[in-house]
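Colleague: I have not looked at this one before, could you walk me through it?
Modeller: Gladly, here it is.

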Amino acid sequence: MKNPNKQLQINPNWAQLQQKLKSHGPKPPATETPATILGKRKERTDAEFDDSLSHVNPLTPVNDDCSVTDEVAMDCEMVGVSQGNKSALGRVTLVNKWGNVIYDEFVRPLEHVVDFRTQISGIRPRDLRKAKDFRIVQKRVAELIKGRILVGHALRNDLKALLLSHPKEDLRDTLEYEPFMRGKGSRRALRHLAAEFLDVQIQNGEHCPIEDARAAMVLYQKNKKAWERRVKDQIKLKQKQKKRKPKKKRKEGDDLKTDLAETAS
């Protein structure tokens, strides 16, 4: 009788051959390989895309449309005139709601400049040699902001420098917006608002009016719904207050004078 164990024994050479066939066996089907490669490539692309998004400057315009929109942001840089303690307009910039520049001009003040305030304004003597006359700039700015929402920071100062006015209900001033304030009406600098709400650094050295106008516009756009709701509520409240104002009571002396006048006539 044959030993059954001998039947189960495998030739060592055959075992080695099987091992080699396994290690050098057929590759996965071609249809599976691209899927795996594409999958890895997609993951890598997404990671790179997310990383690039984290470094996108929020002040960078999202398109190249330079049309004048219903909302425009303005920023001005000043120079010193008179004895240097008086401010005058040296540059004015307007951007549309996407942050694209629609107007940017250096301005020749009406008075002689004694301090260019370059460290802050960024304006140098050469910039004003061929600058436009104040009245020309004033007229153009007035045309651009008329009938539009005007966004900016400390707009009262900018409008004063331009010798212009604008309807209060159409002003969106990041300096005056209550949710941006701290404590009891504590107003904050634009660079602090940009750092906290936009995570971007501005005004590190010479100011750039384009950058400042864009920062104000982005702050407004990010809070637009709540801001506009607040403006509407304030307008409604003022209208109610006007209606509730009691008419001035006529004094008894006035009534007597009226009666005497009617009698005399």
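Modeller: What follows goes from the whole chain to a pocket and then to some single residues.

Colleague: Before that, what kind of model is it, and how are residues numbered?
Modeller: Residues are numbered from 1 along each chain as its sequence is written, and this is a predicted model, in which local features need pLDDT of at least 70 and side-chain atom pairs count only at pLDDT 80 or more, while totals for chains, interfaces and linings use all residues. Side-chain values use heavy atoms, with hydrogens and water left out.

Colleague: OK, how many helices and strands does the protein chain have?
Modeller: The protein chain has 11 helices and 7 strands, where helices (H or I, at least four residues) and strands (E, at least two) are DSSP runs numbered from the N terminus.

Colleague: And what share of the residues is buried?
Modeller: Of the 265 residues in the protein chain, 31% are buried; buried means under 20% relative accessible area, exposed means over 50%, and partly exposed lies in between, with a 1.4 Å probe and protein chains only. The chain exposes about 19100 Å², and carbon and sulfur atoms supply 51% of that area, computed by the Shrake-Rupley method with a 1.4 Å probe.

Colleague: What about contacts between residues far apart in sequence?
Modeller: Among the contacts in the protein chain with a separation of 6 or more, 61% are between residues 24 or more positions apart, a contact being heavy atoms within 4.5 Å.

Colleague: Switching to pockets, what volume does the largest one have?
Modeller: The largest pocket has a volume of about 740 Å³. A pocket here is an open set of points on a 1 Å grid over the protein atoms alone, where a 1.4 Å probe fits, with protein on both sides within 12 Å along at least five of seven lines, and lining residues have an atom within 4 Å of a point.

Colleague: Which residues line it?
Modeller: The largest pocket is lined by 23 residues, and Lys168, Leu171, Glu176, Gln234 and Lys238 lie nearest its centre. The elements giving two or more residues to this lining are α7 (155-162), β7 (171-173) and α10 (224-244), with the largest share, 9 residues, coming from α10.

Colleague: What is the mix by class?
Modeller: The lining has 10 nonpolar, 3 polar and 10 charged residues.

Colleague: Now single residues: is Arg91 buried or exposed?
Modeller: Arg91, which lies in strand β2 (residues 86-95), counts as buried because its relative accessibility is 15%.

Colleague: And what does its side chain pair with?
Modeller: The side chains of Arg91 and Asp104 are joined by a polar contact of 2.9 Å, that is, a pair of N or O atoms within 3.5 Å, where within protein one must be able to donate a hydrogen and the other to accept it, and residues adjacent in sequence count only if both atoms are side-chain atoms. Beyond its neighbours within four places in sequence, Arg91 is in contact with several residues, including Asp75, Glu77, Phe106 and Pro209.

Colleague: Where is Asn96, and how much of it is accessible?
Modeller: Asn96 is in the loop between β2 and β3 (101-108), and it is buried, with a relative accessible area of 0%. A polar atom of the Asn96 side chain lies 3.0 Å from the backbone oxygen of Ser67.

Colleague: What about Arg188?
Modeller: Arg188 lies in the loop between β7 and α8 (190-198) and is buried, with a relative accessible area of 12%. A polar atom of its side chain lies 3.4 Å from the backbone oxygen of Phe180, and among the residues that Arg188 contacts outside its neighbours within four places in sequence are His153 and Phe197.

Colleague: Which element holds Arg191, then?
Modeller: Arg191 lies in helix α8 and is partly exposed, with a relative accessible area of 37%. Not counting residues up to four places away in sequence, Arg191 touches Ile202 and Gln203.

Colleague: Last one, what is phi at Ser82 and at Asp199?
Modeller: Phi of Ser82 is near 60 degrees, a positive value in a residue other than glycine, and Ser82 sits in the loop between β1 (71-81) and β2. Phi of Asp199 is near 55 degrees, also a positive value in a residue other than glycine, and Asp199 is exposed, with a relative accessible area of 68%.

Key
Grid points are joined across faces, edges and corners, and a volume is the space filled by probe spheres set on the points. Ala, Val, Leu, Ile, Met, Phe, Trp, Tyr, Cys and Pro count as nonpolar, Asp, Glu, Lys and Arg as charged, and the others, Gly among them, as polar.
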